[in-house]
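User: I would like to go through the labels attached to this model one at a time, and to hear the reasoning behind each of them. Please set each value against the cut-off it depends on.

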Amino acid sequence: MCAECDYRLIDVHGKVVNEIPDQSGSRAMQEFGFFLGRFHVLALHLPIGILIVAVVLDWLARRPRYAQLAGAPPFLWGLAAATAVLTAVLGYLHLGEGGFTGPSAEAHRLWGTVTAVPAIGGWWLAARSAG
């Protein structure tokens, strides 16, 4: 049994088939962070879609015919900001797992941050004008 392991899996013949490391402390938190980071791939298109809908509804709400839509854009900007920040955090967790290096990874990180910051600014402006 290794120093990092607290138990082993043994098959019916008594042979060790796999050693399972102790998942306590910082290693478990790191693994949990990697697990959460994998959801970045699922979450990354959500803020983009919400931002597109927020811009379209914001534009439409300025027309007298669609004035009743004026309450939707501040909510959508806030939702876009929250999901963009969450997606960026998940992206940083996913990046920490390793295997993502080079210009593509740097550009991806840049564009994720560039999406989150204007979303927060749009939410602030929309909430300010609605208030």
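User: How many salt bridges does the structure hold, and what makes the pair R109 and E106 one of them?

Analyst: This is a predicted model, and the structure holds two salt bridges. The side chains of R109 and E106 meet at 2.6 Å, N to O; a salt bridge requires a side-chain nitrogen of Lys or Arg within 4 Å of a carboxyl oxygen of Asp or Glu, so the pair qualifies. Both residues lie in helix α5, three residues apart, which is about one turn of the helix.

User: How do you know that D58 and R62 form a salt bridge?

Analyst: The closest N and O atoms of D58 and R62 are 3.4 Å apart, and the limit is 4 Å, so this pair also counts as a salt bridge. As for the chemistry in general, side chains of opposite charge can pair when their charged atoms come close.

User: Why is R62 called exposed, while R109 and E106 are called partly exposed?

Analyst: The label exposed needs a relative accessible area over 50%, and R62 has 66%, so R62 is exposed. Buried means under 20%, with partly exposed in between; R109 at 31% and E106 at 44% therefore both count as partly exposed.

User: Why is W77 called buried, and what does W77 touch?

Analyst: W77, which is found in helix α4, has a relative accessibility of 13%, and because the limit for buried is under 20%, W77 counts as buried. Leaving aside neighbours within four places in sequence, W77 is in contact with L51, A54, V55, D58, P118, A119, G122, W123 and A126. One of these partners, V55, is 22 residues away along the chain, with the two C-alpha atoms separated by 8.6 Å. Another partner, D58, is the residue that forms a salt bridge with R62.

User: Which residues have the most contacts inside the largest nonpolar core, and which helices supply it?

Analyst: The largest nonpolar core has 13 residues, and L51, L76, W77 and A119 are those with the most contacts inside it. Helices α3, α4 and α5 each supply at least two residues of this core. L51 touches W77, A80, T115 and A119, not counting residues up to four places away in sequence. In soluble globular proteins, nonpolar side chains tend to be buried together.

User: What makes V85 eligible for the nonpolar surface patch, and which residues make that patch?

Analyst: V85, placed in helix α4, has 35% relative accessibility and counts as partly exposed; a patch residue needs over 30%, so V85 passes that cut-off. The patch covers about 570 Å² and is made by V85, V89, I120, W123, W124 and L125. Helices α4 (72–96) and α5 (103–130) each supply at least two of its residues, and α5 gives the most, with four.

User: Why are L110 and Y92 called partly exposed, and where do they lie?

Analyst: L110 lies in helix α5, and its relative accessible area of 49% is not over 50%, so L110 is partly exposed. Y92 lies in helix α4, and its 42% falls between the limits of 20% and 50%, so Y92 is partly exposed as well. Leaving aside neighbours within four places in sequence, Y92 is in contact with R109 and T113. The C-alpha atoms of Y92 and G112 are separated by 9.6 Å, and those of L110 and A88 by 9.9 Å.

User: What is the confidence in the chain, and where is it lowest and highest?

Analyst: The chain averages a pLDDT of 80, and 79% of the residues score at least 70. Confidence is lowest in strand β1 (residues 5–10), at a mean of 53, and highest in helix α3 (residues 46–61), at 92. Where pLDDT is low, the predicted coordinates should not be read in detail.

User: In what order do the elements run, and how much of the chain counts as buried?

Analyst: The chain has five helices and two strands, and from the N terminus on the elements run β-β-α-α-α-α-α. Of its 131 residues, 24% count as buried.

Technical notes. Residues numbered from 1 in each chain as written. Heavy atoms only, no water. Patch = residues over 30% accessible without salt bridge, like charges linked within 9 Å, V, L, I, M, F, W, Y side chains within 5 Å. Areas by Shrake-Rupley, 256 points an atom, 1.4 Å probe, with all protein chains shown as cover. Buried < 20%, exposed > 50% of the residue type's maximum accessible area, 1.4 Å probe, protein only. pLDDT = per-residue confidence, 0-100. Core = buried A, V, L, I, M, F, W, Y, C linked by side-chain atoms within 4.5 Å. Contact = heavy atoms within 4.5 Å.
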